[in-house]
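Biologist: Please take a close look at one part of this structure, and then describe what surrounds it. I would like the backbone details before the overall picture.

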Amino acid sequence: MTTQVLIAGFGGQGVLFAGKFLAYKGLLEDKQVSWLPSYGPEMRGGTANCSIIISDDPVGSPIVSNPDVLLAMNLPSLDKYENEAVPGSVIIVDSTLIARKLTRTDVKAFYIPATKMAKDMNAPNLANMIMIGKMIKESNAVSIDNLEDAMKKVVPAKKADLIGVNMQAVMLGYNY
Amino acid sequence: MTDKVLMKGNEAIAEAAIKAGCRHYFGYPITPQTEIAAYMAKRMPKIGGTFLQAESEVSAINMVYGVAGAGYRVMTSSSSPGISLKQEGISYIVGADLPALIVNVQRGGPGLGGIQPSQSDYFQATKGGGHGDYRLICLAPASVQEMADLTIKAFDLADKYRMPAMLLADGTMGQMMEPVSIPEVTAKPVDKPWAANGTKGERKHNIINSLYLKPEILEKVNFERFERYAQIEANEVMYEEYMMDDAEYCVVAFGIASRVSKNAVTEARKQGIKVGLIRPITLWPFPKDVLNAAADKVKGFISVELSMGQMIEDVRLATNCKKPVVLCNRAGGMIPSPEQVLDSIKNLAKEVK
């Protein structure tokens with residue numbers, strides 16, 4: 001099985017970090033993985049997206065144009081990628097930031113107020129991980145087991161105290 | 001579980017270079033390869049090495065020239081416009097027969113171009129670039145693992161043949177993360193009796209120079225250098241074949257283009273088209289023999305490139321134009337999609353029966 005994931009939003013939402021977590025989760029499950037950021041001249045702000053492929057077979061092209069799973073973290077991202085997702089794909093929408101519903105009916109849509117939920121748990125930067133939790137629930141890309149192993153790989157040692165809150169955010173999204 | 005870690009291609013190059021014994025890095029930041037410099041800036045001071053951000057690419061390559069002359073493993077990295085600036089220094093390093101590693105994580109050109117991935121420095125990397133008769137050993141990684149493995153290989157080949165080697169990657173390869181395990185290097189450093197590293201009063205001076213005012217001598221030096229090139233062409237060619245056993249059509253692609261092409265080849269096979277892929281890993285020496293042999297079996301070739309078509313000339317030369325060679329390309333920082341390559345395969349299969 002191969003899952004092609006696209007996470008899209010604006011800079012600062014943790015799009016790349018969320019993707020890296022997902023890729024490590026796949027790696028720790030002995031899957032083949034790739035992670036490719038869109039890179040632009042800006043360091044902050046602007047659009048950010050990230051292609052992650054998790055597969056049982058070697059990954060060919062690391063570029064995801066037609067995702068099996070799309071995480072849309074702002075409206076421009078949904079506008080841009082909604083029609084690129086494959087039929088039957090999972091599309092997860094941050095409904096705090098995106099007021100509209102999907103126009104397509106041939107995909108599985110999930111609306112989760114991730115940004116509001118993150119604020120409510122007093123961790124406004126963790127909407128990304130809430131979205132990842134929901135994504136793990138609704139797709140078969142990776143398992144929910146042993147989350148912390150992957151989290152330890154992506155949260156730098158200096159910030160190890162943030163592992164717990166990141167885990168909470170993932171579980172909050174997973175159980176939404 | 002695995003001992004592999006996720007690393008960006010750029011970081012894998014830097015760590016592999018350190019493992020290979022490189023303790024001297026000179027560079028100047030440019031997207032999309034800045035992570036190499038950043039990694040070196042962090043690591044080199046901790047392991048007794050030198051990281052130096054030069055005032056320009058020209059300066060950096062001449063620092064490489066100096067350290068290479070002293071017999072130490074040394075590298076620089078940049079992206080397309082910066083590599084153009086280094087060409088004079090590269091030519092001097094070649095002229096002085098010194099080993100060094102130059103990494104080019106290509107972006108779109110010409111001029112300042114853009115910052116998105118490209119393969120349009122193929123001519124520059126494989127046909128010269130600077131002035132004079134010369135070649136660079138040119139390696140083209142197609143995965144983060146190869147970014148590491150071929151960095152080590154490049155240092156070894158450069159030392160073995162006393163010449164600079166170039167790792168020719170692109171923005172995608174530099175920016176993407178994949179699982180990688182950085183190999184431990186156990187080989188002993190090559191003896192460099194020619195190095196200008198102090199006579200200790202025990203031997204004559206070694207002179208590092210690229211100036212030969214007597215044409216007879218300069219001619220001889222050139223001929224001798226090309227004898228080494230002939231050995232490299234005979235012994236160091238590397239390539240990967242994918243589904244070529246019964247192939248009727250052959251895609252030729254390197255780096256990121258080969259990754260995209262693999263998807264297309266796999267899909268075309270599902271649709272009943274017998275197509276395979278030859279991926280040059282060494283761009284110089286170019287895998288001429290395997291392509292020439294393939295030309296006797298297949299009906300046509302497709303060169304897939306992130307350029308206006310540069311490697312395609314080498315494919316035509318290698319195959320002596322025995323079979324048609326068509327181009328499938330994007331340029332300026334755009335990447336062909338697997339669908340575009342698949343369409344190209346289907347068209348070729350339709351037109352050349």
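**A proline loop and the chain around it**

Modeller: B:Pro32 sits in the loop of chain B that runs between strand E2 (24–27) and helix H2 (34–43). The model is a predicted one, and what follows was computed from it. The peptide bond joining B:Thr31 to B:Pro32 is cis, with omega at about 5°. Most peptide bonds are trans, and most residues other than glycine have a negative phi.

Chain B has another cis bond to look at, from B:Trp284 to B:Pro285, where omega is near 0°. B:Pro285 is also a loop residue, placed between strand E12 (282–284) and helix H11 (288–295) of chain B. A further backbone detail is found at B:Lys200, which is not a glycine but has a positive phi, near 50°. B:Lys200 lies in the loop between E8 and H9 of chain B.

Next, the helices of chain B. Helix H1 (residues 9–19) packs against helix H7 (residues 144–161): their axes come within 8 Å and cross at roughly 30°. Angles under 35 degrees count as roughly parallel, so H1(B) is roughly parallel to H7(B). The crossing of H1(B) over H7(B) is right-handed. On the H1(B) side, the contact is made by B:Gly9, B:Ala12, B:Ile13, B:Glu15, B:Ala16, B:Ala17 and B:Lys19, and on the H7(B) side by B:Val144, B:Met147, B:Ala148, B:Thr151 and B:Ile152. By class, these residues are eight nonpolar, two polar and two charged.

Now the whole of chain B. Its secondary structure comes to 13 helices and 14 strands. The C-alpha atoms fill a box of roughly 70 × 55 × 40 Å along the principal axes. A compact globule of 353 residues would have a radius of gyration near 20 Å, so the 21 Å of chain B agrees with that expectation.

Chain B is divided into domain 1 (5–235) and domain 2 (240–351). The C-alpha centres of these two domains of chain B are 28 Å apart. Where they meet, 27 residues of domain 1 of chain B are in contact with 22 residues of domain 2 of chain B. On the domain 1 side, two or more residues come from each of helix H6 (122–126), strand E6 (137–139), strand E7 (164–170), H8 and helix H9 (215–235) of chain B. H6(B) gives the most to this side, with four residues. The domain 1 side has 15 nonpolar, eight polar and four charged residues.

Chain B also touches chain A. That contact takes 19 residues from chain B and 18 residues from chain A. Helix H8 (171–175), strand E8 (177–180) and helix H10 (255–270) of chain B each supply at least two residues to the chain B side. H10(B) gives the most there, with four residues. The chain B side divides into 10 nonpolar, five polar and four charged residues. H8 of chain B thus appears on both surfaces described here, the one that domain 1 of chain B turns to domain 2 of chain B and the one that chain B turns to chain A.

The partner, chain A, has six helices and six strands. Along the sequence they follow the pattern β-α-β-β-β-α-β-β-α-α-α-α. The C-alpha atoms of chain A fill a box of roughly 40 × 40 × 35 Å, taken along the principal axes. For 176 residues a compact globule would have a radius of gyration near 16 Å, so the 15 Å of chain A agrees.

Chain A has a helix pair to set beside H1(B) and H7(B). The axes of helix H5 (residues 147–154) and helix H6 (residues 163–174) of chain A come within 10 Å and cross at roughly 130°. H5(A) and H6(A) are therefore oblique to each other. H5(A) passes H6(A) in a right-handed crossing. A:Leu147, A:Glu148, A:Met151 and A:Lys152 of H5(A) meet A:Ile163, A:Asn166, A:Met167 and A:Val170 of H6(A). This contact has five nonpolar, one polar and two charged residues.

To return to the starting point: B:Pro32 follows a cis bond from B:Thr31, in the loop between E2 and H2 of chain B.

Terms used: Residues numbered from 1 in each chain as written. Chains lettered and ligands numbered in written order. Predicted model: local features only at pLDDT ≥ 70, side-chain atom pairs only at ≥ 80, totals over all residues. Contact = placed C-beta atoms within 7 Å. Nonpolar A, V, L, I, M, F, W, Y, C, P; charged D, E, K, R; others polar. Domains from an automatic or database assignment. Axes fitted to C-alpha atoms, helices over the stretch in contact; angles between N-to-C directions. Parallel < 35°, antiparallel > 145°, perpendicular 65-115°, else oblique. Left-handed = near helix turned anticlockwise from the far one by under 90°. Rg over C-alpha atoms; globule rule 2.2 N^0.38 Å.
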